[in-house]
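Reader: Could you take a close look at how the strands pair in the parallel sheet, and then lead outward from there to the parts around it? Please state the cut-off behind each term when it comes up.

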Amino acid sequence: MTGNIIQLDNNGNLKHFLSTEGLSQSLLQSILDHAESFAGVGERAVKKIPLLRGKTIANLFFEPSTRTRTTFELAAKRLSADILNLNISTSATSKGETLSDTLHTLEAMHCDMFVVRHANSGAAHYIATQVAPHISVINAGDGRHAHPTQAMLDMFTIRRHKKSFENLRVAIVGDILHSRVARSEIHALNTLGVLETRIIAPHTLVPKGVEDLGVQVYNDMDTGLEGIDVIMMLRLQKERMRGALLPSEQEYFQRYGLTSERLAIAKPDAIVMHPGPINRGVEISSEVADGEQSVILQQVSHGIAIRMAVMAMTMGRSNDDMENTE
Amino acid sequence: MRIHIEGGRLLDPANNLDAKQDLFIADGKIVSIKKKPDGFDSDLQINAKDKIVLPGLVDLCARLREPGLEYKGTIQTESLAANSSGITSICCPPDTDPVIDTPAIIELIHQRSRDAERTNIYPLGALTKDLNSEHLAEMHILKQAGCVGVSNAYNAIDNAEVLRRAFEYAHSCNLTVFLYAEDHALKNNGVVHEGALSTRLGLPPIPETAETVAICRAILLAEQTQVHLHFCRLSTARGVQLIKAAQAQGLPITADVAICNLLLTEMDIADYNSDCHLQPPLRSERDRSGLIAGINDGTITAVCSDHQPHDVDAKAAPFSLTESGASTIEHLLPLMMHLVNREELKLEKAISLLTSQPANILSIDKGSLEEGKDADVCIFDNEESTSIDKDNLLSIGKNTPFNGWETQGAVSHTLLNGRVVFDRSEFK
């Protein structure tokens with residue numbers, strides 16, 4: 001749906017990054033390749049390259065977030081862009097300003113890119129249809145719809161550990177219903193050509209028709225983990241217990257918590273991922289979260305490289321441009 | 001004013017009339033069909049050669065936005081838009097601001113309607129006071145003031161005891177209850193049909209059961225109370241089946257469907273097109289064809305525009321934050337003809353769904369061409385083709401989901417009480 005038409009420019013280059021759905025395998029691989037070229041920047045003494053010098057990036061966060069906003073900010077700074085952080089939930093819109101008015105105000109400040117986080121699905125897409133042609137929009141999470149940079153940093157982490165996607169079986173465990181991360185991961189994994197994508201959750205947390213996205217649904221975790229190479233745990237929001245979706249955290253952990261015993265069902269070299277923040281003892285035991293197979297902290301540092309890659313690509317720049325000028 | 005409509009194909013399903021005949025109008029009434037009355041000297045002759053002459057259309061549900069939301073539409077503007085689709089009678093739901101729960105609001109609407117002189121407006125009164133779903137509205141007083149039925153509009157009545165009593169009381173006032181069947185809890189703030197599309201777009205879903213559970217409950221209470229129950233704007237194939245079964249038991253139950261749900265499905269939402277944010281939601285192709293089947297087997301007997309004009313800002317936001325509803329009134333007839341041209345409906349059936357059958361549901365003496373009746377007439381030119389352009393709508397609301405559609409045929413003239421209220425040649 002939020003496919004090629006709006007995300008790519010006339011030459012097939014990335015213009016906006018709104019969803020992993022509809023983008024080609026070569027484009028997704030290209031994002032990972034670019035991220036690989038940026039991964040070393042953070043380890044240098046001077047953690048900065050002047051690729052986006054003179055560009056202004058606005059972080060438009062209509063929904064609170066610390067870690068995603070921080071990694072986008074860091075990515076922008078490492079590319080030498082100027083960055084504006086706008087916490088819009090507490091400023092403009094509560095004064096009755098429409099979203100379009102907010103955008104046009106920021107356009108008038110000559111921003112080149114909007115990084116958007118919004119509680120409603122389709123918000124980044126809507127913004128991309130409203131902005132002036134020179135502005136790129138990056139989706140930093142919209143409702144339950146998509147969180148494409150999170151999905152790509154997970155793909156980056158998988159590729160680093162498993163080299164290729166072809167023979168992998170991947171399980172996504174937890175609250176699929178409310179998860180934009182899961183939706184973006186499913187599209188990315190299938191495009192990158194994994195052998196199988198499973199989702200493991202009780203029926204109350206599985207959205208209707210999810211099989212159409214190309215996944216196998218498992219209600220039982222022990223069966224679902226058999227032969228798995230990559231386990232992607234999802235965060236379980238505590239407010240889910242308030243409605244009729246789940247009885248209690250204890251029961252959830254008993255059925256779907258990732259423990260050492262359960263991890264042993266998967267392949268011996270399986271990696272464990274989590275987008276954070278972790279609820280220890282709810283979806284994952286501390287032993288596993290801090291264990292040898294956990295790559296959770298690597299995911300965080302990969303997030304910066306992926307965001308640098310996407311920012312550079314949507315602005316029509318790559319690290320090769322940098323090397324040529326040096 | 002004497003008018004002679006000449007050479008047209010008269011089509012009036014109520015009287016099984018389909019023949020090339022002339023129509024003679026004097027003093028606001030149809031004075032003769034076929035035969036020119038002695039001494040009839042027309043002031044105006046309308047050439048209807050190669051055109052279809054129909055009874056003025058009866059729209060069972062249109063929001064004209066007055067009183068209260070005049071920036072989205074007024075009785076004057078939306079009646080003109082209605083005329084351009086041949087509509088001369090409009091039933092409007094009670095969720096105006098203020099709500100139609102006092103005679104004063106009904107009088108205001110009638111007054112504005114008389115001022116506009118474009119359509120007959122038939123308001124529905126509130127079923128509960130202020131549509132609060134708790135206390136009964138003064139249904140008898142509203143009926144005396146001119147309301148043709150009662151409804152709680154979009155406000156679900158969660159309390160089954162209140163719904164039972166409302167049915168009983170409406171029945172004792174001999175008023176039909178117009179019920180929009182939607183279970184509030186199952187809807188759960190959803191905005192699109194629950195299925196692969198809602199999952200993919202991550203939009204809050206409305207399950208099929210939000211409609212079917214509400215229908216089952218209402219049917220059981222209608223059976224108990226014997227109220228005349230009209231289900232407004234069905235959206236599911238399963239809902240049609242439930243109503244068909246209730247009708248087969250002999251219960252006095254009728255149903256309508258909105259034009260959008262006959263032509264569009266959830267897939268038309270595509271990239272979060274907020275003009276396709278509707279209530280009831282666009283559902284699957286299986287549901288759409290189930291609704292068509294429900295028309296063809298006689299379960300559903302009316303098609304309405306469900307016209308809901310909006311200001312631009314109401315649709316300019318991320319999908320869930322936009323207001324629901326489409327501006328449809330001025331394309332109701334061409335869109336129905338689209339279904340006829342696609343051979344999903346027969347012509348005569350399509351016309352009866354827009355004329356005599358909704359008039360029967362409202363118990364009003366409209367929707368047919370008979371000598372002595374009010375001369376509400378629509379002349380449709382099947383040759384004229386139009387492409388729908390949202391920037392060129394007569395309605396204040398530009399929120400049509402049919403932007404860019406090519407439709408075959410357009411209304412050339414509309415007459416209300418023997419007076420031309422719309423002549424397309426003036427709009428070119």
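Author: In β12(B), the residue that partners G125(B) through a bridge is V150(B). The model is a predicted one, in which local features need pLDDT of at least 70 and side-chain atom pairs count only at pLDDT 80 or more, whereas totals for chains, interfaces and linings use all residues. Residues are numbered from 1 along each chain as its sequence is written, while chains are lettered from A and ligands numbered from 1 in the order in which they are written.

The bridge just named belongs to the pairing of β11(B) with strand β12 (residues 150-151) of chain B, which is parallel and runs over two bridges; two strands are said to pair if DSSP finds at least two bridges between them. Helices (H or I, at least four residues) and strands (E, at least two) are DSSP runs, numbered from the N terminus. The sheet in question is open and made of six strands of chain B, ordered β11-β12-β13-β16-β17-β18, with parallel pairing. Its edges are β11 (125-126) and β18 (302-304) of chain B, each of which pairs on one side only.

One strand of this order, β17 (253-258), also takes part in the surroundings of helix α10 of chain B, since the buried residues of α10(B) pack against α8 (237-248), β17 (253-258), α9 (259-263) and α13 (347-354) of chain B. Those buried residues are D287(B), R288(B), G290(B), L291(B), I292(B), G294(B) and I295(B), where a residue is buried if 20 or more other C-beta atoms lie within 10 Å of its own, exposed if 12 or fewer, and partly exposed in between, the C-beta atoms being placed from the backbone. The 12 residues of α10 (residues 285-296) of chain B should span 16 Å at 1.5 Å a residue, and the end C-alpha atoms are 17 Å apart, which agrees; the expected span is 1.5 Å times one less than the number of residues. After α10(B) comes G298(B), with a positive phi near 90°.

At the level of domains, whose bounds come from an automatic or database domain assignment, chain B is divided into domain 1 (2-53 + 377-382 + 408-427) and domain 2 (56-362). Their centres, taken over C-alpha atoms, are separated by 30 Å. Domain 1 of chain B brings 15 residues to the contact and domain 2 of chain B brings 18 residues, a contact being counted if the C-beta atoms of two residues, placed from the backbone, lie within 7 Å. On the side of domain 1 of chain B that touches domain 2 of chain B, at least two residues each are supplied by β19 (377-387), β20 (406-416) and β21 (419-423) of chain B, and β20(B) has the largest share, six residues. By class, that side has 11 nonpolar, three polar and one charged residues, with Ala, Val, Leu, Ile, Met, Phe, Trp, Tyr, Cys and Pro counted as nonpolar, Asp, Glu, Lys and Arg as charged, and the others, Gly among them, as polar.

Finally, there is the contact between the chains, which takes 19 residues from chain B and 24 residues from chain A. On the side of chain B that touches chain A, helix α6 (residues 196-201) of chain B gives the largest share, four residues, and the residues of that side divide into 11 nonpolar, four polar and four charged.
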